[in-house]
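Q: I am new to this structure. Please take a close look at one part of it, the links between side chains, and walk me through them.

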Amino acid sequence: MTSQFVRYLTCVGVLAGTANAFAANECDRACLKNALDQYLNAIVKHDPSAAPLFVGFRQTENAVVVRNGTGTWQSVTGLGKLQRRYLDPVSEQAAYFGIVEEGAASAIVTVRVRVQQRKITEAEWLIARKGDPGLNGPQAPGQPAGNFFDPDNLAANPPPDKTVPKDARSSREAMVAATNSYFDGITTHDGSIIMAHPGCMRVENGNTVTGRARAPSKGGPPEVSDCASGLANINVQLVAARRYPVVDEEAGVVLGLAVFVRKPGTATRRNAFSEWFVIENNKIRSIYSAMFYPAPEQPVPNWPPYEGNWPLPAPAPAQSK
């Protein structure tokens, strides 16, 4: 056997070993579900050591970085009556949408985790709680809560829990395109851009905001609002920092993350939100969100590629003398 042939066999062996190592590090649906469950169980147990966390693990809660063992590691006492898990082996990310218990109180949450080499490297929480600040800031004494919050309605009107048959699944590209069309429709104030089924439902922090009677247009019949209607006057200048970290083709669901930036000159707070898009036949059937309203000075979303405030606030107008 020549030395050249020996070197060839050695190279082949190295390449094969490398390929096997990469394959061993890939995280399929079963791996992702196991990692997500381990993480959620560790949260409930208040024990970071019970989850396979990467040495550089990073966690945010409503865009604020928290130290291991603090925040939801202390407050969450159980998973709630609505639980959905979505898995994306392509991005190696998984997410939970639903309700968690914090003692006697409940919260509506989206929890996204990233798995790399079978270690959890990231966890991103978007949390809605009763009485949180809303569009106009903190709740005023004696006034209704500023934010929507209705976990009972969410549990009564949940996202579907099913596996879409293979021949009925939309492609990843089509699912993301439908999701992005929704944000384009809001930015342009033109619902006709949105790839959605008529009557598509939208639920914000558990509160159903569609299905309401609207004034008829041009003397036509009465209209009922859906996820693509009523955008002409919405106070949104830009849907910024768009991300689509989880595309679950088997469930027909996409996780969209972004920030609603308000029109110039308004005191209305931004929304930083997670939205779960249920896609059927390449169109949006329903949307479920967990969102919060950050203070003007708070950096959001605080995740790459938008680690800081996105976009930067407009400068104050010059004062005339």
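A: What follows goes through the disulfides and then the salt bridges.

This is a predicted model. The protein chain has five helices and 16 strands. Of its 321 residues, 45% count as buried. Take the contacts between residues at least 6 apart in sequence: 60% of them join residues at least 24 apart.

Start with the disulfides. There are two. A disulfide is a covalent bond between the sulfur atoms of two cysteines. Numbered in sequence order, the bonded cysteines pair 1-2, 3-4.

One disulfide joins Cys27 to Cys31, with 1.9 Å from S to S. The link of Cys27 and Cys31 is left-handed, at -95° about the S-S bond. Cys27 and Cys31 are both buried.

The other pair is Cys200 and Cys227, again with S to S at 1.9 Å. The link of Cys200 and Cys227 is left-handed, with -95° about the S-S bond. This pair links distant parts of the chain, 27 residues apart. Cys200 sits in strand S7, residues 196-204. Cys227 sits in the loop between strand S10 and strand S11. Cys200 has a relative accessible area of 1%, so Cys200 is buried. Cys227 is at 3% relative accessibility and therefore counts as buried.

Now the salt bridges. The whole structure holds 17. Three of them follow, one by one.

Arg29 and Asp248 meet through their side chains at 3.0 Å, N to O. Arg29 lies in helix H2 (residues 29-45) and Asp248 in strand S11, so the salt bridge ties together parts 219 residues apart in sequence. Arg29 counts as partly exposed because its relative accessibility is 23%. Asp248 is at 0%, so Asp248 counts as buried.

Next come Arg129 and Glu102, in a salt bridge of 2.8 Å, N to O. Arg129 belongs to strand S6 (residues 119-129) and Glu102 to strand S4 (residues 93-102), so parts 27 residues apart in sequence are tied together. Arg129 is partly exposed, with a relative accessible area of 27%. Glu102 has 15% relative accessibility; the cut-off for buried is under 20%, so Glu102 counts as buried.

Last, the side chains of Arg243 and Glu124 form a salt bridge at 2.8 Å, N to O. Arg243 is in strand S11 and Glu124 in strand S6, 119 residues apart. Arg243 is buried, at a relative accessible area of 12%. Glu124 is buried too, at 4%. This pair is part of one network: salt bridges that share partners join Arg112, Arg114, Glu122, Glu124 and Arg243.

Conventions: Residues are numbered from 1 along each chain as its sequence is written. This is a predicted model: local features need pLDDT of at least 70, side-chain atom pairs count only at pLDDT 80 or more; totals for chains, interfaces and linings use all residues. Side-chain values use heavy atoms; hydrogens and water are left out. A disulfide is a pair of cysteine sulfur atoms within 2.5 Å. Buried means under 20% relative accessible area, exposed over 50%, partly exposed in between (1.4 Å probe, protein chains only). Helices (H or I, at least four residues) and strands (E, at least two) are DSSP runs, numbered from the N terminus. Contact means heavy atoms within 4.5 Å. A salt bridge is a side-chain nitrogen of Lys or Arg within 4 Å of a carboxyl oxygen of Asp or Glu.
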